[in-house]
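User: Hi, I'm new to this one. Could you take a close look at the salt bridges around one buried arginine, and then show me how that spot fits with the rest?

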Amino acid sequence: MRHNLAARLGMWSSRHRKSAIIGWLLFVVLAAGLGGMSGLNVMTPSEEGAGDSARATRILEDAGLEKPAGEMVMVTSGASGGWKSAARDLSNALRDTGEVQRLQPPTRSEDGKSALISFEMKGDAETAGDRVQPVLDAVDKAESRHGGVTFRQFGSASSDKAFGDLLAEDFFAAEVTAVPLALGILLVAFGAVVAALLPVSLALTACAAAFGLMSLASKAVPLSETTYSVMFLMGLAVGVDYCLFYLRRERDERALGRTPETALRIAAATSGRAVLISGLSVMVAMAGLFLSGMMLFYGFAVVTIIVVLIAMLGSVTVLPALMSWLGDRIEKGRLPFMGRRRKRAPSPDSGGRFAGKLVRPVLTHPKLFAFAAGALLLVLAAPAVGMKTEQLSVPQQLGKDSPLGSASLEIAKTFPGGPSPAEIVVEADDIGSPKVRAAFAEFRDKAAASGEFGKTVEITVHKKENVAEIEVPLAGDGRDKTSRHALETLREDLVPDTIEPAVEKAYVTGELAQSVDSSEQLEGGILPVVTFIAVVTFLIMLFCFRSIVIAVTSIALNLLSVAASYGVMVAVFQHGWGDELFATEAAGAIEHWMPLFVLVILFGLSMDYHVFVVSRIREARDRGQSTANAIAEGIRSTAGAVTSAAIIMVAVFAVFATLSMQDFKQLGVGLAVAVLLDATVVRMVLLPSLMALMGERNWTVPRWLDWLPQISHGEEAEPALAGAPAATAPVAAATVASAGAAGPGAPVADRFALSEGGWEGPGHGSGGPTATATATATGYAEPPQDSWAPPRQFPEPTRDVPAAPDVPTRHLSVPQQETAYGSRDGVPPHQGRYGGPGPEWTTGNGSEHGHADRDPYAPSVPQATGRRGRIAPNGLPYSRKSRRVAGVLQLLLGFLGVGRFYTGHIWTGIAMLLTAGGGMIWALIDGILYFAKSDRTDKKGRILRG
């Protein structure tokens with residue numbers, strides 16, 4: 001049989017556990033170490049922007065001109081001129097700090113009750129926030145010395161410090177909260193500590209490796225510093241989701257009575273395949289961001305593709321290896337009152353009783369439920385029609401009542417255009433020529449006469465670089481319609497009429513100009529991105545499911561859930577409906593990069609659930625069930641995994657909704673609402689109702705698409721070996737023959753049986769004909785007669801137990817598998833070699849006793865270590881060398897984590913320390929248990945008695 005790629009990866013990993021696990025750890029350590037040494041290449045302001053504002057910034061960067069961090073303090077008194085002594089005192093205090101330059105005299109307001117003191121911070125503008133604290137202290141002390149006078153400070157340095165402190169606190173709290181939340185939900189879902197730790201550990205190690213590769217990738221594509229948190233968010237979400245789908249399928253198969261090897265193979269072939277399709281869909285969706293035309297989204301695309309790729313590869317490689325190595329120990333640390341996993345096969349509804357009850361009326365009345373679910377999503381999406389996007393200002397980000405936000409608003413109200421003036425960057429062959437000076441004078445006169453600009457137009461000329469900067473205060477508050485109209489007048493009339501004829505280049509930038517340019521770029525780029533994502537997703541789904549209906553339905557449902565998310569975001573954060581529930585106030589707009597980013601993220605993440613659910617439906621359909629029954633089984637069997645994954649993602653995203661900044665609140669609420677709707681309304685109601693309405697058309701393929709490959713969505717049966725009898729179950733994989741003492745008419749008690757599981761079958765007298773039984777791909781002994789007892793599963797490999805003196809010892813042969821599993825290098829399987837005897841069998845009356853060869857589907861294993869050591873009850877050798885290597889790797893990872901922690905990458909360090917510490921603790925506990933339950937062996941691997 002030819003297994004699919006996911007099954008082959010999973011089977012290889014389970015057979016080469018040591019290589020897969022150590023290889024993964026080496027990859028994580030090397031990636032994190034190399035990335036830490038290379039450092040992150042952060043994009044420049046011009047690379048982060050768009051349009052004329054980015055071109056203006058690039059002129060300054062190319063000329064080596066860095067605009068100093070500007071600051072301003074407004075001094076307000078109750079009476080006209082009452083601010084003068086306080087202003088003089090403040091100016092002296094600022095000068096004494098030694099951190100300011102170009103301190104301007106106070107500028108009087110129109111009513112005479114306020115004055116504005118402007119200055120610049122010395123040194124690099126990027127580090128001004130780290131050096132502004134003495135200035136802040138000087139302002140506070142001056143205010144304390146002058147009662148009745150109010151001081152309000154605002155500027156680049158003070159804003160950088162406030163945002164930096166706020167983000168550091170918020171991100172630390174979010175990242176520290178997200179992991180315990182996910183772990184707690186997994187504990188409830190699995191009921192065991194080890195099973196819950198596995199997805200979180202894999203997600204954290206994937207994030208640690210992605211952090212390193214992200215730094216290396218930044219050499220080609222500069223990244224924003226915020227991409228760290230975006231990648232951690234995505235890495236944790238998809239990493240936990242992929243592992244959860246894999247683990248739940250393996251546990252479901254074990255609950256049905258499969259052997260560990262068979263259950264793992266089925267999980268690899270089904271859930272592993274769904275993980276590959278989902279991961280590919282997410283990466284393709286994120287690749288659409290390269291069509292946005294903005295470097296910021298290029299960075300988002302790169303880091304998300306990296307972390308999804310690593311999480312996907314880890315889920316189909318190292319996860320099967322860990323599951324194979326742990327075996328039943330994955331149930332260790334079971335929580336009280338959670339109940340143990342049932343050993344018998346569960347009922348069809350055991351995996352999703354609620355989902356089964358819900359989907360029953362949906363399939364009975366599909367039109368009604370399709371209309372109701374569609375109408376609900378359309379109602380939620382309706383507010384998105386009036387979406388307004390812009391680059392949020394400080395008051396919008398932090399709130400009007402915050403110290404920084406109120407200072408910005410009061411300064412803008414008293415001195416229009418003061419906090420956020422427009423800036424014109426001019427480049428000429430000779431910036432000091434009479435022609436250029438005359439153009440500047442004409443511009444100043446027309447600006448003053450227009451009435452849309454402030455009185456103070458400052459012109460700074462850099463003769464050496466032939467560059468000039470012109471600051472023009474805009475009327476209004478810097479964000480309203482008045483300010484936008486003034487910016488349009490500046491760009492469309494004043495600059496083209498006065499400055500452009502005399503110079504080579506003249507571009508308008510500034511806070512409002514950057515917001516307008518970015519919004520226009522994103523509005524023009526969203527259509528190509530959506531088209532790309534829709535077309536590529538359609539092709540992927542068509543190729544995987546051979547159904548145009550399923551491909552079109554996938555795109556429509558994903559877009560509908562995204563639209564509903566948009567509507568909720570606009571209702572809450574633009575119109576203020578229910579904003580108090582999120583401890584925020586309406587900003588009146590959506591952050592300019594939010595719609596495109598949320599679209600791509602949600603379109604990718606929705607594919608996780610969609611592929612997982614539709615794969616199970618198609619799997620049931622391929623087994624011969626009707627469409628309605630296949631839909632019911634698919635929804636029921638995936639309900640637990642989808643619900644657990646959705647709760648984790650909603651919880652992680654909701655953490656971001658608790659942050660202080662408006663854009664992160666919008667991101668958290670938008671993603672959480674979309675995932676919640678997608679996992680409930682869309683996957684539980686709308687998807688099954690639409691598929692029920694389409695009926696057999698879900699699986700119909702037009703003739704012109706017959707060339708598409710037929711891809712199996714379930715576990716394929718093994719072909720029968722030569723000489724094996726036909727079986728009603730999936731094609732037999734091995735034939736077992738034995739001579740017995742009882743004849744065909746002997747009572748059932750005299751037929752072959754196994755007290756500890758394994759082969760069962762009728763026997764004949766010695767020298768008589770041979771009876772046969774078949775082992776199917778599921779790991780069962782399949783009876784050729786209807787008088788057999790129910791099939792039994794294979795037990796764990798047992799040690800060689802000498803037969804009783806009066807009972808002849810025989811072992812059953814497995815054709816074409818003896819060399820691989822029954823013996824190694826010509827050594828018989830019952831001489832204590834690792835990989836030796838399989839399940840022990842005996843006749844019902846005890847007349848015959850022997851061993852069946854090792855399960856032909858069990859992974860191949862190495863021989864004895866060639867030295868004295870220990871061997872566990874399951875036959876696995878205790879390798880001190882491999883544990884020493886793992887310990888060294890964990891120590892190295894821990895040291896790297898400490899280094900990252902103390903270099904400012906707090907969350908990276910925490911992830912690496914948690915990974916290393918958890919590995920060490922687990923290794924210690926596992927070593928103690930392994931040592932206590934194991935037996936000593938000699939150099940040949942034989943157990944030493946006594």
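Analyst: Here is a walk through that arginine and its partners, followed by the cores, the surface and a few single residues.

A quick word on ground rules: this is a predicted model, so local features need pLDDT of at least 70 and side-chain atom pairs count only at pLDDT 80 or more, while totals for chains, interfaces and linings use all residues. Residues are numbered from 1 along each chain as its sequence is written, and side-chain values use heavy atoms, with hydrogens and water left out.

The arginine is R249, and it forms a salt bridge with E253, where the closest N and O atoms are 2.9 Å apart. (A salt bridge here is a side-chain nitrogen of Lys or Arg within 4 Å of a carboxyl oxygen of Asp or Glu.) Both residues sit in helix 10 (residues 227-255), and because they are four residues apart, about one helical turn separates them. Helices (H or I, at least four residues) and strands (E, at least two) are DSSP runs, numbered from the N terminus.

R249 also forms a salt bridge with E619, and there the closest N and O atoms are 2.6 Å apart. E619 lies in helix 22 and R249 in helix 10, so this pair ties together parts that are 370 residues apart in sequence. R249 and E253 are both buried, and E619 is buried as well. Buried means under 20% relative accessible area, exposed means over 50%, and partly exposed is in between (1.4 Å probe, protein chains only).

These pairs belong to a network of salt bridges linking R249, E253, R258, R616, E619, R623 and E633. Across the model, the count comes to 21 salt bridges. Another of them joins E99 and R131, with the closest N and O atoms 3.8 Å apart. E99 is in the loop between helix 5 (84-97) and strand 2 (100-101) and R131 is in helix 6 (residues 128-131), so that bridge ties together parts 32 residues apart in sequence. E99 counts as partly exposed because its relative accessibility is 21%, and R131 does too because its value is 22%.

Helix 22 turns up again in the nonpolar interior. The largest nonpolar core has 184 residues, and F297 and Y609 have the most contacts inside it. Helix 22 (residues 594-622) gives the most to this core, with 18 residues. (A nonpolar core is a set of buried Ala, Val, Leu, Ile, Met, Phe, Trp, Tyr and Cys residues joined through side-chain atoms within 4.5 Å.) Leaving out residues up to four places away in sequence, F297 touches L289, S292, L522, W593, L596 and F597; contact means heavy atoms within 4.5 Å. There's also a second, separate core of 29 residues, which includes I424, V426, F453 and A506.

Next, a buried serine. S215 is in helix 9 (residues 193-217) and counts as buried because its relative accessible area is 1%. Setting aside neighbours within four places in sequence, S215 is in contact with G35, S38, G39, L40 and Y228.

For contrast, look at T456, in the loop between helix 18 (434-450) and strand 8 (458-462). T456 is partly exposed because its relative accessible area is 49%. Not counting residues up to four places away in sequence, T456 touches E471 and P473.
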